[in-house]
Amino acid sequence: MTDVTTFDEHRPLLFSIAYRMLGSASDAEDVVQDAWLRYHGADDVRSPRAFAATIVTRLCLDRLKSARASREEYVGPWLPEPILTTAAGPGPSAVEGPDVTLQRSESVTLAFLVLLETLAPEERAVFILREVFDYSHDEIAEVLELTAANCRQLLHRAKGKIKNRPIQPEAARSRRDVLGRFADALRSGDAQELTALLTEDVGFWSDGGGKVAAARRPLAGRAEVLNFLVGLHRTAVSSGVYAAASMVLEEVNGEPALLLRVGERLETVFVLSIHGDRIAALRVMRNPDKLRYLERQLQIRTM
């Protein structure tokens with residue numbers, strides 16, 4: 001049997017591949033664990049890293065193909081499961097989630113992961129392995145059991161589908177300032193400040209999964225998004241939510257994020273895409289199932 005210690009050394013990389021493939025940290029963890037079982041039972045492995053990555057990629061492809069129908073039936077906008085990309089504290093890297101690779105580029109932002117959803121499973125695998133992890137076409141061909149020429153065609157097709165890649169984020173300090181201003185304006189219901197913070201063509205996506213209240217369709221433009229945010233403030237005040245609520249500024253999926261906690265429960269995560277000193281996009285996660293992994297990360301960090 002193979003050395004499981006070697007597998008554990010590559011676990012952060014494997015998680016990073018699986019998370020980008022699936023858009024779900026919980027599913028990525030499950031895939032890595034399944035891969036460990038298959039890896040553990042294998043004999044005469046020449047390259048443990050390549051073998052483990054191959055297992056993970058193929059398991060992800062199987063999941064993507066079976067998940068297509070459920071995604072089509074999803075209630076409201078679908079967003080990837082958010083993850084904390086600041087230090088998650090002590091503990092196994094697979095529980096903490098992302099390693100340095102996961103944090104180093106725009107390829108972990110929610111916007112980019114949503115773009116990846118437009119790709120067929122094999123296109124997605126080729127694009128991620130080549131563009132994010134710098135695998136050669138020969139290496140990818142071995143993983144996918146294709147020819148290198150086929151992999152080049154898949155990459156070309158994938159690039160054609162996602163031409164408008166997310167803009168590189170602003171400097172951390174300026175992003176933090178905008179996030180702080182947004183948190184203050186949202187809590188106070190300051191429509192004038194919110195107007196100043198939003199770009200004219202700002203986009204808004206909210207994922208409640210049909211389990212909690214959320215916008216059932218994407219919102220577009222400053223006026224529509226502003227009306228929604230002001231209405232959100234009024235509802236929170238009238239229902240007494242803010243009396244028991246706390247707001248925390250974090251980094252989620254490589255972008256500034258506002259975490260709204262009501263009592264002990266993490267209720268909402270606002271992830272901001274910032275261009276210059278304004279918010280170009282807001283992606284809001286409210287689906288409780290998709291907040292569990294991030295909640296675990298926060299708990300681990302406080303240990």
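Let me start with how α7 and α8 lie relative to each other: they are oblique, because their angle falls in none of the other classes, which are under 35 degrees for roughly parallel, over 145 for roughly antiparallel and 65 to 115 for roughly perpendicular. Their axes, meaning lines fitted to C-alpha atoms over the stretch in contact, with angles from 0 to 180 degrees between N-to-C directions, come within 10 Å and cross at roughly 140 degrees. Helices here are DSSP runs of H or I with at least four residues, and strands are runs of E with at least two, numbered from the N terminus. The residues that make the contact (heavy atoms within 4.5 Å) include Ala125 and Leu129 of α7 and Ile140 and Leu144 of α8.

I should say that this is a predicted model, in which local features need pLDDT of at least 70 and side-chain atom pairs count only at pLDDT 80 or more, while totals for chains, interfaces and linings use all residues. Residues are numbered from 1 along each chain as its sequence is written, and side-chain values use heavy atoms, with hydrogens and water left out.

Turning to α7 and α9, their axes come within 8 Å and cross at roughly 95 degrees, so α7 is roughly perpendicular to α9. Among the residues that meet there are Phe127 and Arg130 in α7 and Leu154 and Ala158 in α9.

Phe127 leads us to the largest nonpolar core, a set of buried Ala, Val, Leu, Ile, Met, Phe, Trp, Tyr and Cys residues joined through side-chain atoms within 4.5 Å, where buried means under 20% relative accessible area with a 1.4 Å probe and protein chains only. This core has 47 residues, and Phe127 is among those touching the most other members, as are Ile17, Tyr19, Met21, Val56 and Leu116. The largest share, 9 residues, comes from α1. Beyond its neighbours within four places in sequence, Met21 is in contact with residues including Cys60, Leu64, Ala125 and Ile128.

Now to the sheet, which is open and mixed, with 6 strands in the order β2-β1-β6-β5-β4-β3, two strands being paired if DSSP finds at least two bridges between them. Because β2 and β3 stand at the edges with a single partner strand each, one side of each is left without a neighbour in the sheet. Strands β5 and β6 pair in the antiparallel sense over 7 bridges, and Leu272 stands opposite Leu282 in β6. Helix α12 packs on this sheet, touching β1, β2, β5 and β6, whereas helix α13 touches β3, β4 and β5.

Key
Buried < 20%, exposed > 50% of the residue type's maximum accessible area, 1.4 Å probe, protein only.
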